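Trainee: Could you take me closely through the sheet of this model, and then through whatever lies against it and opens beside it? I would like one connected account rather than a list.

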Amino acid sequence: MAWIWMLMAAGAVLLWAVSLGRVLSSSSPACLPANSTFLSPPRGDRMSRNVLLVLAHPDDESMFFAPTILFLKSKGHSIHILCLSQGNADGLGNIRKEELYLACVTLKIPAEQVKVLDHSELQDGFHKNWDHGLIAELTLAQSQLWNIDTIVTFDSQGVSGHPNHCDVHHGICKLLRDNGQGHIEAWELVSLNIFRKYSGPVDIWLSSTLSSSSKQPTYTLVNNSPSRSFEAMASHKSQWVWFRRLFVLFSSYTYINVLQKI
């Protein structure tokens, strides 16, 4: 029986290596399907978009959205970040805020395009309920200030299931619904089941297949430089404990993002 387990282990290692090779094979971040028109130029003379990444906590950008950020930067789009809290659940809010700015240096997002809020009604915590109307109001105000035409955020499951993440999604949906933001496109990061979430680069095969066959606009963004994700996440020193290092290594969100239109 031992040889069967050894064969299975060898097969898993080989699959991981082949998958990682596919991720790294591109000279720049890639979008699948390859012939897609994902985020084509907006109306008017501009060739690039003003994209607003709406987050719940500092480190969300590095832990979950790095492939999206790196892809959009490679296409010349302007990235802005609205982080709705300082992540102060453990009293480290001011430290985590500064760590976010450090991570954005690695991700090449200018500090003036990053906004971190500390609203009394939007405090970090699993048992904190965030008001969707307030999220919509604050996001709309920042979108108008930065002339945003595209929003990227969590889906209804919040990727990790954190209730603050889920509330951010519902707040963005309320913004789109109540204000008729026809000039703003909104995309959500698709939550994966636990097997896919911890399959690392292996999930590229299933994600790319599902993106090609989905009836709803869905795209897989491939991070050809996972080390940038590690470097950005390492900026969050207060959060860079051993289990988070393992998460970033094995998490498929380090290597790919699946985005679906809201």
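Mentor: What follows begins with the strands, goes on to the helices across them and ends with the largest pocket. Please keep in mind that this is a predicted model. The sheet is an open one, built from 8 strands in the order E1-E7-E8-E6-E5-E2-E3-E4, and its pairing is mixed. Its edges are held by strand E1, residues 30–32, and strand E4, residues 114–116, and because each of these has a single partner strand, one side of each is left without a neighbour in the sheet. On average, and with direction ignored, neighbouring strands are turned by 25° against each other.

Within that order, strand E5 (residues 150–154) and strand E6 (residues 185–189) run parallel and are joined by 5 bridges, and Ile151 stands opposite Ala186 in E6. Helix H7, residues 163–179, lies across E5 and E6 as well as strand E2 (50–55), and runs at about 150° to E5. Another helix, H9 (residues 204–213), lies across E1, strand E7 (218–222) and strand E8 (256–261), running at about 150° to E7.

As for the largest pocket, its volume is about 540 Å³. It is lined by 23 residues, of which Asp59, Phe126, His162, Gln239 and Arg244 are the closest to its centre. The elements that give two or more residues to this lining are helix H2 (60–63) and helix H11 (242–250), and H11 gives the most, with 3 residues. Sorted by class, the lining holds 9 nonpolar, 7 polar and 7 charged residues.

Definitions and conventions:
Residues numbered from 1 in each chain as written. Predicted model: local features only at pLDDT ≥ 70, side-chain atom pairs only at ≥ 80, totals over all residues. Heavy atoms only, no water. Pairing = 2+ DSSP bridges. Helix = DSSP H or I, 4+ residues; strand = E, 2+ residues; numbered from the N terminus. Axes fitted to C-alpha atoms, helices over the stretch in contact; angles between N-to-C directions. Contact = heavy atoms within 4.5 Å. 1 Å grid on protein atoms, 1.4 Å probe; cavity = no way out; pocket = protein on both sides within 12 Å on 5 of 7 lines; lining within 4 Å. Points joined across faces, edges and corners; volume = space filled by probe spheres on them. Nonpolar A, V, L, I, M, F, W, Y, C, P; charged D, E, K, R; others polar.
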